[in-house]
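Me: I've got a structure to walk through with you. Could you take my questions one by one and show the reasoning behind each answer?

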Amino acid sequence: MSSPATDARVGTDAPEKDPQITGVMETYSYDDDIVRKFVLATVVWGIIGMLVGVIIALELVLPSLNINMDWMFQPWLNFGRLRPLHTNVVIFAFAGNAIFAAVYYSTQRLCKARMYSDALGKFHFWGWQCIIVAAVFTLPFGITQSKEYAELEWPIDLAIAVVWLVFAFNFFGTLARRRERHLYVALWFYIATIIAITILHVFNNLVIPLNLTKSYPIYAGVQDAFVQWWYGHNMIAFFLTMPFLGMMYYFLPKAANRPVYSYRLAIVHFWSLVFIYIWAGPHHLHYTALPAWASTLGMLFSLMLWMPSWGGMINGLLTLRGAWSKVAEDPILKFFVVGVTFYGMATFEGPMLSIKSVNALSHYTDWTIAHVHAGALGWVGFMTFGMIYWLLPRLFQTELWSKKLMGTHFWLGTIGILLYIIPIYAAGITQGLMWRAFTEDGNLAYQFIETVTRIMPFYWVRVFGGSLFLVGTIMLLVNLIMTWKARPKKYEVPVHQAPALSHDYVDAPIDGSRIKNVPPFAHTIDIFNQLQWHRRWERLWVKISVFTFLAIAIASLLEIVPTFIIKSNVATIETVTPYTPLELAGRDIYVSEGCYNCHSQMIRPIFAETEMYGEYSKGGEFVYDHPFQWGSRRIGPDLHRVGNTRTASWHFSHFVDPRILSPGSIMPSYVHFVEHDFDFDSIASKLVAMQRLGVPYSDNEVQGAAENARAQARAIMAKVIEEQGADAYPKVWETKDIIAITAYLLRLGTDIYKQPEVAIEAEATEAPLMLDETIMEEVEHVND
């Protein structure tokens with residue numbers, strides 16, 4: 001009798017003919033050309049993404065490398081522009097192409113069928129590469145939505161949706177016409193990935209377009225932050241975890257020539273992640289203006305994730321039982337073992353970081369950066385490298401060019417990861433402890449700039465570690481090219497045979513005595529007997545897809561919708577008003593420059609933060625923020641109350657040369673702000689877009705937007721001249737970009753200190769509503 005996943009037998013991908021199965025035998029072959037394309041793209045884009053990562057790491061220790069293209073007055077290579085490019089290329093180009101290579105290779109063999117359409121596969125490949133190229137030619141130019149892992153603007157988002165749906169159609173079409181009834185566990189993870197990413201991408205990228213290069217999200221403030229981190233966390237879960245687990249369940253047993261340790265554990269692993277992962281996103285927003293119930297809910301589900309995640313790690317490592325001697329000799333298995341180990345480390349640390357008391361220390365620090373890169377380099381990177389090295393001889397039908405070079409790559413990569421994450425963990429903990437340190441007399445022990453200069457040695461070690469990892473990836477490219485050169489003149493295309501439909505074993509009880517040559521993806525017959533109900537599910541891909549969709553959709557709605565319909569989740573603050581036209585345009589410049597990559601705009605209700613920055617942030621202050629700019633990292637200080645602490649002249653000097661006012665600062669110069677003419681006439685269209693989003697701008701305000709902005713610019717410049725003298729700054733700056741972004745920064749955090757314009761009728765005889773005296777004293781202390 002045919003056993004589950006017979007297509008993946010040890011030593012061959014050709015199924016054995018079962019004499020007990022009768023029926024029409026069909027012939028088929030596999031499309032490995034598409035896999036070759038995705039493998040090559042994975043390595044090439046990986047090198048590009050890692051190179052950009054090394055460049056921005058250098059820019060943090062050598063700020064002078066933030067090159068302003070003075071001949072065009074454009075900061076294309078500044079840190080704020082390049083960091084989103086680094087993350088997008090590594091996630092969507094390196095990891096994305098690796099996922100597609102794994103899916104196209106394993107799906108055909110697990111289904112005993114060629115992909116549904118070769119043409120759709122080619123469209124998918126070239127469409128995805130065009131999307132990455134579009135990212136390369138937009139993000140450095142400041143064309144961004146400023147949402148982490150979702151920075152690309154709406155035309156590219158539409159292209160992503162089209163290409164992703166083509167991929168989904170090709171994948172599900174293959175499942176529909178497969179010759180193997182049983183759906184092996186790797187396919188379940190692929191199904192969950194496709195469904196979840198579709199939902200996440202659509203609902204996180206609902207925007208009102210301003211033009212082809214600019215849009216505003218339909219969500220604002222607290223709701224925008226909630227939706228973004230629902231997306232952001234689950235992008236990591238369903239793009240950088242689930243498909244790589246599918247990769248683990250297919251390629252690790254193949255490479256080890258061993259059956260997966262426990263098929264039942266794999267089932268529990270899959271459904272636990274599907275039902276739990278989607279709830280965990282809010283833990284990224286502890287102690288922010290997000291309602292406490294939401295972040296607490298995220299924390300609880302994050303803690304629950306630890307158990308199934310470690311179950312998957314154990315399942316992967318114990319698959320190597322009886323084969324550990326091979327691990328010492330085979331670099332491919334070394335890559336897989338280290339990758340799975342890093343998966344275990346990351347999925348332990350993630351729940352730990354979701355605990356509020358731990359998160360209070362780690363959030364906004366480089367601890368998060370170390371955690372992310374442990375997963376990205378260790379888990380995603382090493383699983384990808386192991387898969388590619390296993391595939392190369394099979395795809396190019398020749399021996400790997402150099403096993404010694406492969407071994408060298410493993411050790412360079414391993415050392416590189418450790419030299420990257422260990423110092424950055426140290427840097428993050430140092431930041432967190434210094435930010436909350438007080439002297440014996442109750443004052444803050446350190447200024448923010450002191451925490452920056454203290455961690456510079458750690459940043460230098462990170463550059464070295466990242467460079468080693470990059471060199472290892474270049475070695476992979478060399479091995480790939482040399483192996484490709486040794487390929488045969490014409491690839492052999494093996495023709496396989498299988499019955500049109502697999503029979504009997506799905507519904508009938510399994511008799512262990514009838515099974516021979518147990519494949520690497522089967523465990524014990526006893527387990528299959530105990531899980532007959534699930535065994536029937538495993539041939540019903542539509543049912544698996546529907547239950548996966550329902551688990552993700554229902555959890556998302558239950559978690560997110562209350563923040564939209566229950567008004568108490570975002571309390572109204574009477575004095576918060578929409579941005580002026582000039583401030584709104586300045587905010588767009590702030591977004592374009594990627595300032596959120598270094599600065600937060602969220603003061604948590606933690607004593608050390610209110611002492612350093614001022615009154616903690618309230619949800620009602622962000623109701624007109626499309627998009628939110630809370631940030632997730634502080635390389636520079638929080639800016640939410642900067643409107644109360646800095647003058648326009650200070651901002652002017654700081655933009656031109658930050659180190660004049662803040663010695664030791666690693667902020668790049670923004671001298672292009674004083675060179676680039678500000679477009680006053682384009683502001684009206686911004687207000688129109690905001691009207692469509694519900695921001696209460698009147699038609700008169702829209703019509704007078706340009707003149708209003710010019711008047712505010714003249715007023716700011718007049719005050720600077722009054723304070724600093726007529727010769728301090730050129731008056732022409734009131735027509736440059738610097739005036740707009742300065743206007744925006746002067747506005748930040750000031751609304752709660754305004755008096756209401758109209759008193760409440762019931763209290764008309766009483767004094768106007770004022771802030772608590774202790775808050776005012778705290779603000780005065782910060783100003784001093």
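**Loops, cores and charge pairs**

Reply: Happy to. Let's start with Asn66, which sits in the loop between helix H1 (33-61) and H2. Keep in mind that this is a predicted model.

Me: Is Asn66 buried or exposed?

Reply: Asn66 touches Glu59, Leu77, Asn78, Phe79 and Pro668, leaving out residues up to four places away in sequence. Its relative accessibility is 6%, and the cut-off for buried is under 20%. So Asn66 counts as buried.

Me: How far apart in space are Asn66 and Ser669, C-alpha to C-alpha?

Reply: In sequence, Asn66 and Ser669 are 603 residues apart. In space, the C-alpha to C-alpha distance for Asn66 and Ser669 is 7.7 Å.

Me: Which helix gives the largest share of the largest nonpolar core?

Reply: That core has 187 residues, and those with the most contacts inside it are Trp128, Phe238, Phe239, Phe244, Phe251 and Trp379. The largest share, 20 residues, comes from residues 79-111, that is, helix H2.

Me: What is Phe238 in contact with, leaving aside its neighbours within four places in sequence?

Reply: Phe238 is one of the residues with the most contacts inside the largest core. With those neighbours set aside, the partners of Phe238 are Ala192, Thr193, Ala196, Ile197, Pro243, Tyr277, Ile278 and Ile552.

Me: And Asn234, is that one buried or exposed?

Reply: Asn234 is found in helix H6 (residues 221-239). Not counting residues up to four places away, Asn234 touches Leu200, Phe239, Tyr277 and Ile278. The relative accessible area of Asn234 is 0%, so it is buried.

Me: Which residues make the nonpolar surface patch of about 610 Å²?

Reply: Take Leu558, found in helix H19 (residues 541-565). Leu558 has a relative accessible area of 53%, so it is exposed. The patch is made by Val542, Val546, Phe547, Phe549, Leu550, Ile554 and Leu558.

Me: Why is there no bond from the sulfur of Cys598 to the closest cysteine sulfur?

Reply: Cys598 counts as buried, at 18% relative accessibility. A disulfide needs sulfur atoms within 2.5 Å. The closest cysteine sulfur, in Cys595, is too far for a bond because its distance from the sulfur of Cys598 is 7.8 Å.

Me: How many disulfides does the count come to?

Reply: Cys598 is too far from Cys595 for a bond. By the sulfur-distance rule, the count of disulfides comes to zero.

Me: What separates Arg36 and Asp33 in helix H1?

Reply: Their side chains meet in a salt bridge, 4.0 Å from N to O. Arg36 counts as buried at 14% relative accessibility, whereas Asp33 is partly exposed at 34%. They are three residues apart in helix H1, so the separation is about one helical turn.

Me: How many residues apart in sequence are the parts that Asp366 and Arg633 tie together?

Reply: The side chains of Asp366 and Arg633 meet in a salt bridge (3.1 Å, N to O), and both residues are buried. Asp366 lies in helix H13 (residues 366-396), while Arg633 is in the loop between helix H21 (607-613) and helix H22 (648-656), so the parts tied together are apart in sequence by 267 residues.

Me: How far apart are the closest N and O atoms of Glu621 and Arg641?

Reply: Glu621 is buried at 9% relative accessible area, and Arg641 is buried at 3%. Glu621 forms a salt bridge with Arg641, and the closest N and O atoms are apart by 2.6 Å.

Notes. Residues are numbered from 1 along each chain as its sequence is written. This is a predicted model: local features need pLDDT of at least 70, side-chain atom pairs count only at pLDDT 80 or more; totals for chains, interfaces and linings use all residues. Side-chain values use heavy atoms; hydrogens and water are left out. A nonpolar core is a set of buried Ala, Val, Leu, Ile, Met, Phe, Trp, Tyr and Cys residues joined through side-chain atoms within 4.5 Å. Buried means under 20% relative accessible area, exposed over 50%, partly exposed in between (1.4 Å probe, protein chains only). Helices (H or I, at least four residues) and strands (E, at least two) are DSSP runs, numbered from the N terminus. Contact means heavy atoms within 4.5 Å. Patches are made of residues with over 30% relative accessible area and no salt bridge: like charges are joined within 9 Å, nonpolar side chains (Val, Leu, Ile, Met, Phe, Trp, Tyr) within 5 Å. Accessible areas come from the Shrake-Rupley method with a 1.4 Å probe; for residues, only the protein chains shown count as cover.
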